[in-house]
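Here is a short report to read beside the structure. Keep the 3D view open and find each element as it comes up.

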Protein chains: 2
Amino acid sequence: MQSVPIDDRGLLLGDGLFETILSQAGRLDAFEAHVSRLGRGCEALGLPAPAAGDLRAAARGALAQAGLTDARAAVRLTWTAGSGGRGLERPAAPAPRLIASAAAAPAPAARARLVTASIRRNPTSPLSRLKTLSYLDNVMARREAVRAGADEALMLNLAGELACAAAANLFWIAGGRLFTPALACGVLDGIMRARILTAAARLGVEAVEIRSGPDVLADAEAVFLTNSLIGLRAVSALDARAFGPHPLVERLAAAAS
Amino acid sequence: MQSVPIDDRGLLLGDGLFETILSQAGRLDAFEAHVSRLGRGCEALGLPAPAAGDLRAAARGALAQAGLTDARAAVRLTWTAGSGGRGLERPAAPAPRLIASAAAAPAPAARARLVTASIRRNPTSPLSRLKTLSYLDNVMARREAVRAGADEALMLNLAGELACAAAANLFWIAGGRLFTPALACGVLDGIMRARILTAAARLGVEAVEIRSGPDVLADAEAVFLTNSLIGLRAVSALDARAFGPHPLVERLAAAAS
């Protein structure tokens with residue numbers, strides 16, 4: 001297996017970014033959107049951005065090496081801040097390091113049970129909006145959910161507003177309208193999130209990006225999660241509340257795929 | 001240079017902890033306190049803790065390899081969550097990975113200029129209290145300070161209370177008393193912080209662990225920072241406010257060293 005030197009700032013300080021891309025029979029799903037988001041993340045963190053061609057070559061190389069070029073696979077691209085610097089401070093000219101790996105994509109999962117995590121998202125931190133290598137809050141929120149017998153964590157922000165799941169964006173349906181927390185709540189700008197909003201517009205469904213506490217879910221008829229690997233995953237329960245299937249969730253899933 | 005495989009969770013997700021220890025002529029300063037803090041961090045994160053003997057052997061090995069056994073050196077011990085797992089979720093039995101490196105200790109620095117960072121600490125997150133591999137908020141706070149012409153960042157928490165610096169604990173002196181933010185503000189339980197509090201007690205100086213906004217610094221006669229590598233570092237300025245030297249700072253530095 002490939003390795004990185006122990007002075008890499010991604011390893012030492014979580015200084016870097018990543019993308020997880022669905023590959024279907026060698027086609028990298030929404031590749032340009034992933035490259036663009038990684039570039040915006042680099043701008044936010046003050047890192048040089050990778051070239052799209054290098055990312056594509058690394059992704060293809062990782063798929064080939066894993067024997068997954070023709071499969072349904074998850075490609076992870078990691079862009080660390082590279083080696084060097086003095087403690088927290090980067091070298092004057094950071095030389096980021098690109099790492100790529102591929103694994104079989106997760107199988108379609110049953111509807112998810114969510115519990116609300118005690119760890120809240122911090123909108124003053126870039127970590128709340130970017131896929132950074134400092135992902136331990138998400139690891140710990142998921143761990144809390146799994147230990148409570150659930151599949152995934154619902155995360156609020158420090159103001160108590162709905163934000164997202166540990167590894168997915170959050171949506172719900174109420175009164176025929178689609179809702180999702182606004183990015184300003186401390187939410188990753190999910191690529192599948194954007195695709196669902198576009199699909200809603202195409203279907204003539206009003207979509208609302210909202211800042212609100214969890215009490216707004218009292219009116220929800222259905223809840224679902226999205227990310228690049230799972231696509232859309234319906235939610236069967238949030239804390240003590242059960243949710244059934246909903247025809248609009250099926251329509252959005254079909255329209256966004 | 002030593003390397004880690006690219007499936008290490010420390011690299012991929014910032015899932016792990018570290019300690020930075022001052023070594024003076026082969027003596028690891030406050031070694032037991034560092035081992036103990038690392039153990040408490042493992043408990044908080046749900047990771048197996050390393051054995052003290054393994055940590056000591058790794059530290060000595062790193063010092064020898066760097067030719068710094070007889071020097072004043074900084075030893076970094078990194079304890080990652082190891083390889084494996086599925087996405088955010090760790091394997092059923094995580095097998096952490098120990099990494100050690102050594103470098104020349106930083107030279108005693110001039111008094112520090114601080115500016116208040118826009119990134120705030122999140123007391124609901126274990127990241128605010130532990131030295132984790134998800135340290136990007138600290139990297140970005142320091143970067144903001146350096147870009148503003150300062151040396152270090154003062155970090156508040158989400159409630160606007162004083163917390164700490166990006167890589168140090170915060171103290172100030174007012175009316176003959178010593179103050180430092182309470183750990184509950186989202187503060188690393190610094191080993192030099194504890195030593196300064198003990199030194200104050202020995203000198204008969206009243207010490208107060210406080211929850212307060214930065215307005216309390218209006219009464220401060222002196223401000224200083226502490227960490228295991230720098231020991232005690234006086235502050236010359238915080239935002240627009242200048243601070244002079246103070247005899248009690250010198251006495252505490254001498255008593256804690």
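The report covers the sheets, the helices, the salt bridges and the contact between the chains. The model is predicted.

## The sheets

Start with chain A. Four strands form an open sheet there, in the order β3-β2-β4-β5. The pairing is antiparallel. Strands β3 (27-28) and β5 (97-104) of chain A each have a single partner strand, so one side of each is left without a neighbour in the sheet. That puts both of these strands at the edges.

What holds strands of a sheet together? Strands pair through backbone hydrogen bonds, either parallel or antiparallel.

Chain B also has an open sheet of four strands, with the order β3-β2-β4-β5. Its pairing is antiparallel. The edge strands are β3 (27-28) and β5 (97-104) of chain B, and each pairs on one side only.

Now look at single strand pairs. The table lists three of them, each with its number of bridges.

| Strand pair | Sense | Bridges |
|---|---|---|
| β4 (residues 72-80) and β5 of chain A | antiparallel | eight bridges |
| β4 (residues 72-80) and β5 of chain B | antiparallel | eight bridges |
| β7 (residues 152-156) and β8 (residues 162-165) of chain B | antiparallel | three bridges |

Some partners can be named. A:Thr80 stands opposite A:Arg97 in β5(A). B:Ala73 has B:Ala104 in β5(B) as its bridge partner. B:Leu156 is bridged to B:Leu162 in β8(B).

Strands β7(B) and β8(B) make a hairpin, with five residues between the strands. In this hairpin, B:Gly160 takes a positive phi near 80°.

## The helices

A helix lies across the sheet in chain B. Helix α2 (residues 31-45) of chain B crosses β2 (16-24), β3 and β4 of that chain. The angle between α2(B) and β2(B) is about 175°.

In chain A, look for two helices that pack together. Helix α5 (residues 191-202) and helix α6 (residues 247-256) of chain A meet at an angle of about 110°. Their axes are 9 Å apart. Angles of 65 to 115 degrees count as roughly perpendicular, and therefore α5(A) is roughly perpendicular to α6(A).

Which residues of α5(A) and α6(A) meet? From α5(A) come A:Arg195, A:Ile196, A:Ala199, A:Ala200 and A:Arg202. From α6(A) come A:Leu252, A:Ala255 and A:Ala256. By class, this contact has six nonpolar residues, no polar residues and two charged residues.

## The salt bridges

Side chains of opposite charge can pair when their charged atoms come close. How many salt bridges does the whole structure hold? The search finds 30 over all chains.

One of them joins the side chains of A:Arg142 and A:Glu152, at 2.8 Å from N to O. A:Arg142 sits in helix α4 (residues 136-147) of chain A. A:Glu152 sits in strand β7 (residues 152-156) of chain A. The two residues are 10 residues apart, and the pair links distant parts of the chain.

## Where the chains meet

Chain A gives 54 residues to the contact, and chain B gives 53 residues. The area buried between the two chains is about 4100 Å². Carbon and sulfur atoms give 67% of that area. On the chain A side, A:Ile6, A:Leu88 and A:Leu136 lose the most area to chain B. Together they make up 18% of what that side buries.

Charged pairs cross this interface as well. The rule finds two salt bridges between chain A and chain B. The side chains of B:Arg142 and A:Glu89 meet in a salt bridge, at 2.6 Å from N to O.

Note on methods:
Residues numbered from 1 in each chain as written. Chains lettered and ligands numbered in written order. Predicted model: local features only at pLDDT ≥ 70, side-chain atom pairs only at ≥ 80, totals over all residues. Heavy atoms only, no water. Pairing = 2+ DSSP bridges. Contact = heavy atoms within 4.5 Å. Axes fitted to C-alpha atoms, helices over the stretch in contact; angles between N-to-C directions. Parallel < 35°, antiparallel > 145°, perpendicular 65-115°, else oblique. Nonpolar A, V, L, I, M, F, W, Y, C, P; charged D, E, K, R; others polar. Buried area = accessible area lost by both parts, 1.4 Å probe. Salt bridge = Lys/Arg side-chain N within 4 Å of Asp/Glu carboxyl O.
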